[in-house]
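This report introduces selected features of one protein structure to a reader who has not met it before. The sequence and model are shown first, and the description follows.

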Amino acid sequence: MALILAALSLLALFSIAWLTIDGLRAIGRRRCAEAASKPRRLLVAKRREVAGELLCLELVDPQGKPLPGFRAGQHLLLTAPAGKHGKAIQRAYSLAAWAARPAHYELGIKREAQGTMTQWLWQNLQVGDGIDVSRAQGDFTIKPGRGPLVLIAGGIGITPLRAMLQAALDSGRPISLFHAARSAEQLLYCDEFIALAGRYAHFSYQPYLSRRADDLSGKRSRLNAGHIVDAITRPTTADFYLCASNSMMADLRHGLRARGIAEARIHHEAFGVGEGAGQNGLTLAVDRAGTTKTLVTAGEPTVLAALEANDVTVSAECRAGSCGQCVAELNSGEVDWLVQPEFAVGPRQFLPCVCTARGDLSLSLK
Ligand code: FES
C-alpha cells in the first residue's frame, strides 16, 4: 500500500512539474509572438529620390544591432501620422533588397498622387528620423523547387522581385526577369539588372516599355504571356512570380494558363496592397451585432484601411492574409484579392486586410 501511495505521489509531482514547464513554454511562446507583432522604431539611415518616382529608404536599428532576417518577397508595415488630423495609419511596403543577415532594411516607395502615406513619407521622412515598422510578413515568397524562376513585374511591382532575384541568384536556377513599365524612367533598377545579366549566365533581364522611348534597352510593346513563354526554355516546369496591377496580373495569368502553365505554378501579389489601389466614393455598409454603419471610401488601399479610416475597429494582427483575424462575411458586392491568402476563408467570407472593393459592399464583422 505504502509503495502504491509513493508511486502515486511521484506521478502527481511529475505531472505538476510537466504542466508547469508546458505552461511556461506556452507563456514564452505567447510573449515571443507578442514581441514579434509589436512595431519597432527604426531610423532612416539613407534616403534617395530616383527620377521623382521612387523613394529609396534604408532603415537601421537605433543601436546599430542587426535586424531580424526575412524571406525575399515579404513586406513591412509602416505606421505614421499621415491620416486625417495626424491620425496614425499603416501601409505595407515590400522589402526591395535581400540579405541573409540584414544590417538594414531597404524599401523602394513609389510616389502616388493619391497616396496619403507616400505623400507623407516623401515630404516628412528625412535621414535621422524614426518610423514604426512591423516585423516582415507576407507569403509571396519563393517556393522550393529546381525549375526555372520567372519573375514578372509591372511598374513598382519590381521591388519584391528584386529581393527575390538577390536571394535566388546563387541557387543556380535559371532566372528570367521581365519588367514592364510605361517609360524608360520607370524601369527602376534597370542598370543594376543589365549589369547582373552580364555577370550571371543563368540570369536574363527583359524590360518592356508600353510607351515610345529613346532608351533602346526597353522593348517598345506591351508585355504579354506569349512574350514570356516564348522566351524561356521548359516553361511548364517553371515557377512564375507576378507582382503588378490587378488588371495586368489578370491578363498575364489568363495568358499563362492558356499556354499550358499550371495554376499552382503561378504565384502573385498585387502591389496595390501597399498604396493607392482602392477606389474613391464606394459605399460600405458595415454590420456588426445587428447595428449597421455606412461609410464612403476615399481611395484607401484595402477594405481594412477604409474601415479603420472611419473608426471601425477590426482585430487584425498580420494584415497580410495569414492570421484570419479580420475575416468578414460578404453580404453583397464583390472584392478583389490583392494577394493569395494563407488563411482559408469560407464561401462568402473575405479578408479585408488584403482585399479592395470592386464596387459598393455590404459586409458583416465579428
Ligand atoms: S489581419 Fe490577418 S488575415 Fe487579415
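Which strands does helix α2 lie across? In this predicted model, helix α2, formed by residues 116-124, lies across β1, β2 (54-60), β3 (75-80), β4, β5 and β6. The helix runs at about 80 degrees to β4.

**The six-stranded sheet**

The strands crossed by α2 belong to an open sheet of six strands, arranged in the order β4-β3-β6-β1-β2-β5 with antiparallel pairing. Its edges are β4 (89-94) and β5 (105-110), each of which pairs on one side only. From one strand to the next, the twist averages 40 degrees. Within this sheet, β1 (residues 40-50) and β6 (residues 130-133) are joined in the antiparallel sense by four bridges. One of the residues involved is R40, whose bridge partner in β6 is V133.

**The loop between α2 and β6**

The loop that separates α2 from β6 contains Q126. Is Q126 buried, partly exposed or exposed? Its relative accessible area is 36%; because this value lies between the limits of 20% for buried and 50% for exposed, Q126 counts as partly exposed. When residues up to four places away in sequence are not counted, Q126 touches V44 and R47. The C-alpha atoms of Q126 and V44 are 6.7 Å apart in space, although 82 residues separate the two in sequence.

**Strand β13 and its partners**

Strand β13 (residues 280-288) pairs with β14 and with β19. The table sets out the pairings of β13 together with that of β1 and β6.

| Strand pair | Direction | Bridges |
|---|---|---|
| β13 and β14 (residues 291-298) | antiparallel | seven bridges |
| β13 and β19 (residues 361-365) | parallel | five bridges |
| β1 and β6 | antiparallel | four bridges |

Individual residues illustrate the two pairings of β13. L284 has L295 of β14 as its bridge partner, while D287 stands opposite S364 in β19. Strands β13 and β14 form a hairpin with two residues between the strands, and in this hairpin A289 takes a positive phi near 50 degrees.

**Helix α3**

How many of the 11 residues of helix α3 are buried? Nine of them are, so the helix, spanning residues 158-168, is largely enclosed by the rest of the structure. The buried residues are I158, T159, P160, L161, R162, A163, M164, L165 and A168. The arginine R162 is thus listed among the buried residues of α3.

Key
Residues are numbered from 1 along each chain as its sequence is written. This is a predicted model: local features need pLDDT of at least 70, side-chain atom pairs count only at pLDDT 80 or more; totals for chains, interfaces and linings use all residues. Side-chain values use heavy atoms; hydrogens and water are left out. Buried means under 20% relative accessible area, exposed over 50%, partly exposed in between (1.4 Å probe, protein chains only). Two strands pair if DSSP finds at least two bridges between them. Axes are lines fitted to C-alpha atoms, for helices over the stretch in contact, and angles run from 0 to 180 degrees between N-to-C directions. Contact means heavy atoms within 4.5 Å.
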